[in-house]
Amino acid sequence: MKPILMIAIATATLTSSVSAKDNHVEGYLAVSDQVITAQRAELAENTARKGFGPQSPRDIDSLVGNNKIIFSQAPAYTQMNLCNIHFHKNAEHSGGEFTTYAGNGDGKGYSTGFKYSGSISKKDLLPVKQAICPSEHGNLIPGDTIELHYVHSTAQVSPGPTLGACLSESVKNPQLRVETQVFVLVNNAKALDFGQLTQLGQSNGYHQALNIPSNTGDAIQYAGSTTGPGYNEQGSPLQVSWSVRPKVAQVNIATVGKWCESNVFNEDHAHGVRNLVTNLELLSAGQ
């Protein structure tokens with residue numbers, strides 16, 4: 001992803017310190033609303049009249065948009081190659097069962113996004129002994145929300161690290177699709193196994209994730225882009241067909257930690273999230 005273009009805002013202030021217990025990072029400070037507003041304004045300015053297509057993430061409960069760029073919807077994921085799997089700490093999208101705003105975060109994509117809006121039993125929230133997917137931005141704990149992205153490509157590619165695995169020297173403009181599932185992490189061995197959710201194999205000649213959830217509601221389909229905080233102030237130039245499931249599933253946090261220790265995608269921690277796109281000029285109408 002592109003590095004975030006940092007903008008100096010003389011009037012921007014920091015809110016009071018948020019506890020490390022809530023954010024899993026010592027000394028964390030959340031940026032003010034002014035910083036997020038300035039980032040949205042910068043995004044609008046940097047994309048105005050430049051022909052950028054519809055952007056992601058969005059509120060999936062409202063498929064209103066004014067972006068005029070149209071592209072063909074990618075095929076069903078079963079007719080594409082799975083090329084990458086990664087996840088974000090907190091949901092990038094809003095809607096369905098993940099509507100609780102996590103706060104403004106650090107302005108760079110961490111400790112922001114949306115959380116599971118339902119309830120979790122106290123037993124499932126008991127702490128775990130090991131650090132789960134630790135990074136400089138902290139580690140995961142029971143009760144955290146993650147948004148998992150199964151990225152697919154029409155190019156003849158194999159699963160691998162980063163979005164680069166979805167592109168090919170033979171096909172410079174493959175169609176891309178992201179199958180999306182939001183999970184809440186629980187300390188419960190009977191919850192879903194992340195290893196099974198990310199199990200890879202061949203099906204009808206395509207590389208596939210064999211156990212993408214099929215019981216978490218009808219996926220919301222829309223035209224958008226790649227995500228990540230590197231696009232908070234810049235438009236993403238890549239076109240993506242999105243399928244976002246509205247219901248949240250529970251996954252055993254221990255299995256997420258095990259996956260972070262070893263996987264073909266070289267993923268060992270949660271990614272940050274891009275600000276929710278609210279500018280109607282950057283949102284597609286629902287498909």
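## Arg245 and its salt-bridge network

Arg245 counts as buried, at 8% relative accessibility. This is a predicted model, and in it Arg245 pairs with Glu179 in a salt bridge whose closest N and O atoms are 2.7 Å apart. The two partners come from distant parts of the chain: Glu179 belongs to strand 9 (residues 176-186), while Arg245 sits in the loop between strand 13 (239-244) and strand 14 (249-252), 66 residues apart.

Glu179 is buried too, with a relative accessible area of 4%, and the cut-off for that label is under 20%. Glu179 also meets the side chain of Arg177 in a salt bridge, this one at 3.7 Å from N to O. Arg177 is buried just like Glu179. Put together, Arg177, Glu179 and Arg245 are linked in a network of salt bridges.

## The other end of the salt-bridge list

The salt-bridge count for the model comes to 4. One of them joins Lys89 and Asp144, with the closest N and O atoms 3.8 Å apart. Lys89 lies in strand 3 (residues 81-89) and Asp144 in the loop between strand 7 (138-140) and strand 8, so this pair ties together parts that are 55 residues apart in sequence. Lys89 and Asp144 are both buried.

## His152

Now for a residue that touches the network. His152 is found in strand 8 (residues 145-153), and its relative accessible area is 0%, so it is buried. Leaving out residues up to four places away in sequence, His152 touches Arg177 and Glu179, along with Tyr77, Met80, Asn81, Leu82, Cys83, Gln175, Leu176, Gln208 and Ile212.

Closer along the chain, the side chain of His152 reaches the backbone oxygen of Tyr150 at 3.1 Å.

## Aromatic pairs

There are 6 aromatic pairs in the structure. In one of them, the rings of Phe87 and Phe194 have their centres 6.0 Å apart and their planes at 85 degrees; edge-to-face needs over 60, so that is what this pair is. Phe87 is in strand 3 and Phe194 in helix 3 (residues 194-197), so far as sequence goes 107 residues apart, and the pair links these distant parts of the chain. Both of these Phe residues, Phe87 and Phe194, are buried.

Trp259 and Phe265 make a pair as well: the ring centres are 6.4 Å apart and the planes sit at 40 degrees, so the pair is tilted. Trp259 and Phe265 are buried. Ring pairs join Phe87, Phe194, Trp259 and Phe265 into a cluster.

A ring also features in a charge contact: Arg58 lies over the face of Tyr222, 5.3 Å from the ring centre.

## Helix 4

Trp259 also turns up in helix 4 (residues 253-261), where the buried residues are Ile253, Thr255, Val256, Gly257, Trp259 and Cys260. An α-helix has 3.6 residues a turn, so residues three or four places apart point the same way. What do the buried residues of helix 4 pack against? Their partners are strand 3, strand 6 (132-135), strand 7, strand 9, helix 3 and strand 14.

At the start of helix 4, Asn252 makes a polar contact: one of its side-chain oxygens reaches to within 3.1 Å of the backbone nitrogen of Ala254.

Key: Residues are numbered from 1 along each chain as its sequence is written. This is a predicted model: local features need pLDDT of at least 70, side-chain atom pairs count only at pLDDT 80 or more; totals for chains, interfaces and linings use all residues. Side-chain values use heavy atoms; hydrogens and water are left out. Helices (H or I, at least four residues) and strands (E, at least two) are DSSP runs, numbered from the N terminus. Buried means under 20% relative accessible area, exposed over 50%, partly exposed in between (1.4 Å probe, protein chains only). A polar contact is a pair of N or O atoms within 3.5 Å; within protein, one must be able to donate a hydrogen and the other to accept it, and residues adjacent in sequence count only if both atoms are side-chain atoms. Contact means heavy atoms within 4.5 Å. Rings of Phe, Tyr and Trp (its six-membered ring) pair if their centres lie within 6.5 Å; planes under 30 degrees apart count as stacked, over 60 as edge-to-face and the rest as tilted. A charge sits over a ring if NZ of Lys or CZ of Arg is within 6 Å of the ring centre and within 35 degrees of the ring normal.
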